[in-house]
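Biologist: I am new to this structure. Please take one helix pairing and describe it closely, then add the backbone oddities of a loop.

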Amino acid sequence: MSMSSSLDDRSGGFRPKLIVFDLDFTLWPFWVDTHVTVPFTRKSNGSVVDRNGYKIKLYDESLAILELLRSKGMCMAAASRTEDPPAAKELLKVLDIDKYFSYKEIYPGSKVSHFKKFAQASGIPYKDMLFFDDEERNIQEISRLGVTCVLVERGMKQAVLENGLKKFATMRAR
C-alpha cells in the first residue's frame with residue numbers, strides 16, 4: 001500500500017487529527033544542542049551550514065513526508081526536549097520546514113508537558129494523536145497518555161510513516 005493510500009479513506013476513517021514529530025534523530029540526523037553551532041546560513045545553492053561549515057540536512061525522506069502530510073490536510077506539530085530551543089527554532093526556519101507545524105513545543109523537560117500543551121491549544125484528544133520519536137523513554141511516557149507512538153530507528157522514512165498510520169488505524173478501530 002502506498003503512503004498516500006493509508007491517508008485516504010481506506011484507513012477505515014481512522015486518521016490521526018494531529019501528527020507529532022520529534023526533531024533530533026527523527027527529522028534530522030543530529031542533536032541541535034550538541035552537534036551543530038549557530039548561526040545557520042542558507043547558501044546560494046540551497047544548502048544550509050552551521051558556523052563551522054558543517055552541512056546540515058534533513059533525513060532523506062523527511063521533507064517528502066512533511067509535504068505529503070500537508071497535501072492531505074494533516075495537522076502537524078513538532079516536539080523537542082532540546083537544551084537549545086532558539087537553535088532548534090532557527091533551524092526549522094532556515095531549513096524551511098517551520099511552515100509545516102501548526103504547533104511547536106520546543107524546550108527541555110518531559111514531553112508530557114509538550115503534549116498537554118498540544119491538547120490544550122488544539123482541542124485534540126490524545127487518542128487522536130500519532131507521535132514519532134527516536135527515544136524509547138519518550139515513546140513509553142507518551143504512550144501512557146493514550147497517544148499512538150512509533151519508535152523511529154534511523155530517521156523518518158515512508159515505511160515508518162506507513163507503519164505508524166496502520167498502527168493508529170488499528171488502535172482506533174478497537
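Modeller: The helix pair comes first, then the loop.

This is a predicted model, where local features need pLDDT of at least 70, side-chain atom pairs count only at pLDDT 80 or more, and totals for chains, interfaces and linings use all residues. Numbering starts from 1 along each chain as its sequence is written, and side-chain values use heavy atoms, without hydrogens or water.

Helix α4 spans residues 111-122, and helix α5 spans residues 136-143. Such helices are DSSP runs (H or I, at least four residues), and strands are E runs of at least two, numbered from the N terminus. The two helices pack at about 45 degrees, with axes 9 Å apart. Axes are lines fitted to C-alpha atoms over the stretch in contact, and angles run from 0 to 180 degrees between N-to-C directions. That angle makes α4 oblique to α5, because under 35 degrees is roughly parallel, over 145 roughly antiparallel, 65 to 115 roughly perpendicular, and the rest oblique. Their crossing is right-handed (the near helix is turned clockwise from the far one by less than a right angle).

From α4, Lys111, Val112 and Phe115 make the contact; from α5, Asn138, Glu141 and Ile142 do. Contact means heavy atoms within 4.5 Å. These residues divide into three nonpolar, one polar and two charged (Ala, Val, Leu, Ile, Met, Phe, Trp, Tyr, Cys and Pro are nonpolar; Asp, Glu, Lys and Arg charged; the others, including Gly, polar).

Now the loop. Pro39 lies between β1 (18-21) and β2 (41-42). A cis peptide bond joins Val38 to Pro39, with omega about 0 degrees. Phe25 is also in the loop between β1 and β2. Its phi is positive, near 60 degrees, in a residue other than glycine. Most residues other than glycine have a negative phi, and most peptide bonds are trans.
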